[in-house]
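Me: Please take one part of this protein and look at it closely, in a way that a first-year student can follow. I would like a connected account that starts from a single residue and then works outward.

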Amino acid sequence: TVNGNVELDEKPASAKKGIVKEIKLQEGQNRIAIIAYNADNIPSRKELIVTRSSDDDVDNPIVTAVRNPEAVAVVIGISKYKNKEMPPVDYAKRDAKTIRKYLVSTLGYDEKRIIELYDEDADRTSLVSALYDDLKNRIVPGKSDVFIFYSGHGMPDVDSKEAEKDAYLAPYDFRSSATKRTGIALNELYEQVEQFNA
């Protein structure tokens with residue numbers, strides 16, 4: 001805490017396009033300032049006026065008047081897996097549903113522009129379609145904010161001989177014996193997102 005500001009992150013030496021790097025809550029003024037940095041490391045600031053109380057619960061989002069009608073999101077929560085060798089992720093689905101509530105109530109996303117995939121609906125085919133096609137088709141070029149939330153298992157490529165193993169998201173039908181064929185490669189997902197005009 002510095003001068004009444006709660007700082008969650010520091011401005012990085014090199015920021016990626018559109019990444020939120022700093023969130024400040026000014027005590028006593030009921031304002032949250034969100035600082036985002038673009039590809040040229042130029043900050044932009046948005047302030048949300050909120051109402052907080054000591055009874056606040058993380059599962060009940062702050063309601064604001066913010067509206068972001070062009071924004072689009074993919075929210076994924078996988079608590080149980082088809083392959084019984086994959087242990088459950090107890091709160092993944094619940095966490096994803098809570099994030100969805102925040103997108104609508106706090107950040108002003110239109111409910112119809114949020115793609116939701118939970119448990120058995122989050123198989124590899126559905127995730128690829130949502131992350132690569134559906135998301136891209138909903139973007140308003142130059143105007144849309146894009147938000148992707150994933151809660152579930154991740155996995156390195158254990159068969160890779162490289163020093164740095166690629167990381168994968170584990171869809172509902174993931175098999176650790178076939179990581180590359182059944183997982184979603186994070187580096188490919190990042191490359192795809194960077195190409196969005198959002």
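Reply:
**A residue in a loop, and what surrounds it**

Asp119 is found in the loop between β5 and α2, where helices (H or I, at least four residues) and strands (E, at least two) are DSSP runs numbered from the N terminus. The model is a predicted one, in which local features need pLDDT of at least 70 and side-chain atom pairs count only at pLDDT 80 or more, while totals for chains, interfaces and linings use all residues. Residues are numbered from 1 along each chain as its sequence is written, and side-chain values use heavy atoms, with hydrogens and water left out.

Asp119 has a phi near 45°, which is a positive value in a residue other than glycine. Most residues other than glycine have a negative phi. Asp119 is also buried, with a relative accessible area of 6%; buried means under 20% relative accessible area, exposed over 50%, and partly exposed in between, using a 1.4 Å probe and protein chains only.

Stepping back from the loop into β5, we find that four of the five residues of this strand are buried, so β5 is largely enclosed by the rest of the structure. Strand β5 runs parallel to β4, and five bridges join the two; two strands count as paired if DSSP finds at least two bridges between them. Within this pairing, Val75 has Glu116 of β5 as its bridge partner. Between the two strands comes helix α1 (residues 92–105), and β4, α1 and β5 together make a right-handed β-α-β unit, meaning that, with the strands pointing away from the viewer, the path from the first strand over the helix to the second runs clockwise.

The elements on both sides of the loop also meet in the interior. The largest nonpolar core (a set of buried Ala, Val, Leu, Ile, Met, Phe, Trp, Tyr and Cys residues joined through side-chain atoms within 4.5 Å) has 24 residues, of which Val74, Ile76, Tyr81, Leu127, Leu131 and Tyr150 touch the most other members. Two or more residues of this core come from each of β4 (72–77), β5 (114–118) and α2 (124–138), and α2 gives the most, with five residues. Apart from this core lies another, of 10 residues, among them Val75, Val104, Ile114 and Tyr118. In soluble globular proteins, nonpolar side chains tend to be buried together.

Leu127 shows how such a residue is surrounded: not counting residues up to four places away in sequence, Leu127 touches Ile76, Leu117, Ala122, Pro171 and Ile184, where contact means heavy atoms within 4.5 Å. Ile76 is also in contact with Ser151, whose other partners beyond four places in sequence are Gly77, Ile78, Ala92 and Asp95. Ser151 lies in strand β6 (residues 146–151) and is buried, with a relative accessible area of 13%.

For the wider setting, the protein chain has four helices and nine strands, and buried residues make up 36% of its 198 residues. The average pLDDT (the predictor's confidence in each residue, from 0 to 100) is 80 for the protein chain, with 69% of the residues scoring at least 70. Over residues 1–24 the pLDDT is below 50, although this stretch has 55 contacts in the model beyond near neighbours in sequence. Where pLDDT is low, the predicted coordinates should not be read in detail.
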